[in-house]
Amino acid sequence: MGTPTSHKFSVAPMMEWTDRHERYFLRQISRRALLYTEMVTAEAVIHGDRERLLGFSASEHPIALQLGGADPGRMALAAEVGQEYGYDEVNINVGCPSDRVRRRLCPGHGAGN
Ligand SMILES: Cc1cc2nc3c(=O)[nH]c(=O)nc-3n(C[C@H](O)[C@H](O)[C@H](O)COP(=O)(O)O)c2cc1C
């Protein structure tokens, strides 16, 4: 991650929508829009299948990884993994209003809920 950039237009993080396939498609529409991933929990990044969760095509840049979690240390660790993967930005979600998150179907999140 370099210097923070400003983007006039971005596509918001949307669980079950902004996966790598959707982002690849969206990149055909705009070369410059910042594309967000779905929210990925810090614990999933730390323990899960990283290539499946974090893999993306080089054509998706500029791309921001959205991390969800409540523990600053775990969030920092997951952010480092995201940085190693080449994400341009890491966005922090500490209070997702999603019903799925509230119902604790996203283990390890629960922040602000
Ligand atoms: C299906 C769906 C999934 C979403 N998932 C996330 C998410 O993972 N993380 C997040 O921060 N916001 C999520 N949001 C909220 C959106 O990113 C966005 O903030 C919201 O749709 C309001 O944007 P708007 O004012 O442009 O409509 C989601 C919204 C929708 C409709």
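Here are some numbered notes on this structure, which is a predicted model.

1. Start with the overall layout. The protein has five helices and four strands. Reading from the N terminus, the elements go β-α-β-α-α-β-α-β-α. Of its 113 residues, 27% count as buried. Among contacts between residues at least 6 apart in sequence, 69% join residues at least 24 apart.

2. Next, the sheet. Its four strands make an open sheet, ordered 1-2-3-4, and the pairing is parallel. The edge positions go to strand 1 (10-11) and strand 4 (89-93); each has a single partner strand, so one side of each has no neighbour in the sheet. As general background, strands of a sheet pair through backbone hydrogen bonds, in either a parallel or an antiparallel way.

3. If you want to trace the pairing yourself, go strand by strand. Strand 1 and strand 2 run parallel and are joined by two bridges, and S10 sits opposite L34 in strand 2. Strand 2 is joined to strand 3 by five bridges, again parallel; here L35 has I63 in strand 3 as its bridge partner. Five bridges also link strand 3 with strand 4 in the parallel sense, with Q66 partnered by N91 in strand 4.

4. What about strand 3: how many of its six residues are buried? Six of the six are, so the rest of the structure largely encloses this strand. I63, L65 and L67 point one way from strand 3, while A64, Q66 and G68 point the other way, and all are buried. Strand 2 gets a similar description: seven of its eight residues are buried, so strand 2 too is largely enclosed by the rest of the structure.

5. A64 is a good residue to click on. Leaving aside neighbours within four places in sequence, A64 contacts L34, Y36 and T37, and also Y87, D88, E89, V90 and N91. A64 is also one of the residues that touch the most other members of the largest nonpolar core.

6. That core has 17 residues, and V40, V45, A64, L65, L67 and A78 are the ones touching the most other members. Strand 2 (34-41), helix 2 (42-47), strand 3 (63-68) and helix 4 (72-85) each contribute at least two residues to the core. Strand 2 gives the largest share of the core, five residues.

7. Now for L54, which lies in helix 3 (residues 50-54). Is L54 buried or exposed? L54 has 21 other C-beta atoms within 10 Å, and the cut-off for buried is 20 or more, so L54 counts as buried. Not counting residues up to four places away in sequence, L54 touches V45, L65, G82 and Y85. There is also a link back to R20: the two residues are 34 apart along the chain, and their C-alpha atoms are separated by 8.7 Å.

8. Two backbone details deserve a look. H61 and P62 are joined by a cis peptide bond, with omega about -5 degrees; P62 is in the loop between helix 3 and strand 3. The other detail is E16, a residue other than glycine with a positive phi, near 70 degrees. E16 is in the loop between strand 1 and helix 1 (20-29). Why does E16 count as exposed? Because E16 has 8 C-beta neighbours inside 10 Å, and 12 or fewer puts a residue in the exposed class.

9. Last, the ligand. There are 11 residues around the ligand, and A12, P13, M14, M15 and M39 come nearest. By residue type, the shell around the ligand has seven nonpolar, three polar and one charged.

Notes: Residues are numbered from 1 along each chain as its sequence is written. This is a predicted model: local features need pLDDT of at least 70, side-chain atom pairs count only at pLDDT 80 or more; totals for chains, interfaces and linings use all residues. A residue is near a molecule or strand if its C-beta atom, placed from the backbone, lies within 6 Å of it. Ala, Val, Leu, Ile, Met, Phe, Trp, Tyr, Cys and Pro count as nonpolar, Asp, Glu, Lys and Arg as charged, and the others, Gly among them, as polar. A nonpolar core is a set of buried Ala, Val, Leu, Ile, Met, Phe, Trp, Tyr and Cys residues joined through C-beta atoms within 7 Å. Two residues are in contact if their C-beta atoms, placed from the backbone, lie within 7 Å. Two strands pair if DSSP finds at least two bridges between them.
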